[in-house]
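User: I am new to this structure and would like a close look at a single part of it. Please take one helix and describe how it is built, what lies around it and how it meets a neighbour.

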Amino acid sequence: MPGRLRYPVWLIALLAGGAALALLVASVYGGVAVSPASISGVPTNMDSGQLRLTALGIAAAAAAFFALQAVAVVGLVRGRAWARVPATLACVAWTLTCIGAPLALLGLNALWRPGNR
């Protein structure tokens, strides 16, 4: 197909793995938001309403990050140029962590390197 871009398989796998991890985090924190009593080691004087709200916020952020990476994976697999935008945003978000920063820089280099056709 003319105009189809080719992205490295490792980059697509990296984004898919990140999406899976974000979905796991969203699920865990979503469970905490539903039932904060299910967590062992929570101090008894902790406000359960505040815990639910915090867990819900983290779950929502992780779900949004999952959606961003899932859209990027679908676009990269199909060779679409628009997929660079969500993939770039995901890589930029990864740079906020110590572990994700080197991977994000490699991913950005692979995304925007000339010669992906």
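Analyst: Helix H2 covers residues 48–77, and because each residue should add 1.5 Å, its 30 residues should span 44 Å, which agrees with the 43 Å between its end C-alpha atoms; the expected span is 1.5 Å times one less than the number of residues, and helices are DSSP runs of H or I with at least four residues, numbered from the N terminus. This is a predicted model, in which local features need pLDDT of at least 70 and side-chain atom pairs count only at pLDDT 80 or more, while totals for chains, interfaces and linings use all residues. Residues are numbered from 1 along each chain as its sequence is written, and side-chain values use heavy atoms, with hydrogens and water left out.

At the N-terminal end of H2, Asp47 acts as a cap, with a side-chain oxygen 3.3 Å from the backbone nitrogen of Gly49; after H2 comes Gly79, whose phi is positive, near 75°.

Among the buried residues of H2 are Leu51, Ala55, Gln69 and Val73, where buried means under 20% relative accessible area with a 1.4 Å probe, protein chains only. Their cover includes helix H1 (9–34), helix H3 (84–94) and helix H4 (100–112).

With H3, the axes of H2 come within 8 Å and cross at roughly 135°, the axes being lines fitted to C-alpha atoms over the stretch in contact, with angles from 0 to 180 degrees between N-to-C directions. Residues of H2 including Phe65, Leu68 and Leu76 meet a set in H3 that includes Pro86, Leu89 and Trp94, contact meaning heavy atoms within 4.5 Å.

Technical notes:
Helices (H or I, at least four residues) and strands (E, at least two) are DSSP runs, numbered from the N terminus. Buried means under 20% relative accessible area, exposed over 50%, partly exposed in between (1.4 Å probe, protein chains only). A polar contact is a pair of N or O atoms within 3.5 Å; within protein, one must be able to donate a hydrogen and the other to accept it, and residues adjacent in sequence count only if both atoms are side-chain atoms.
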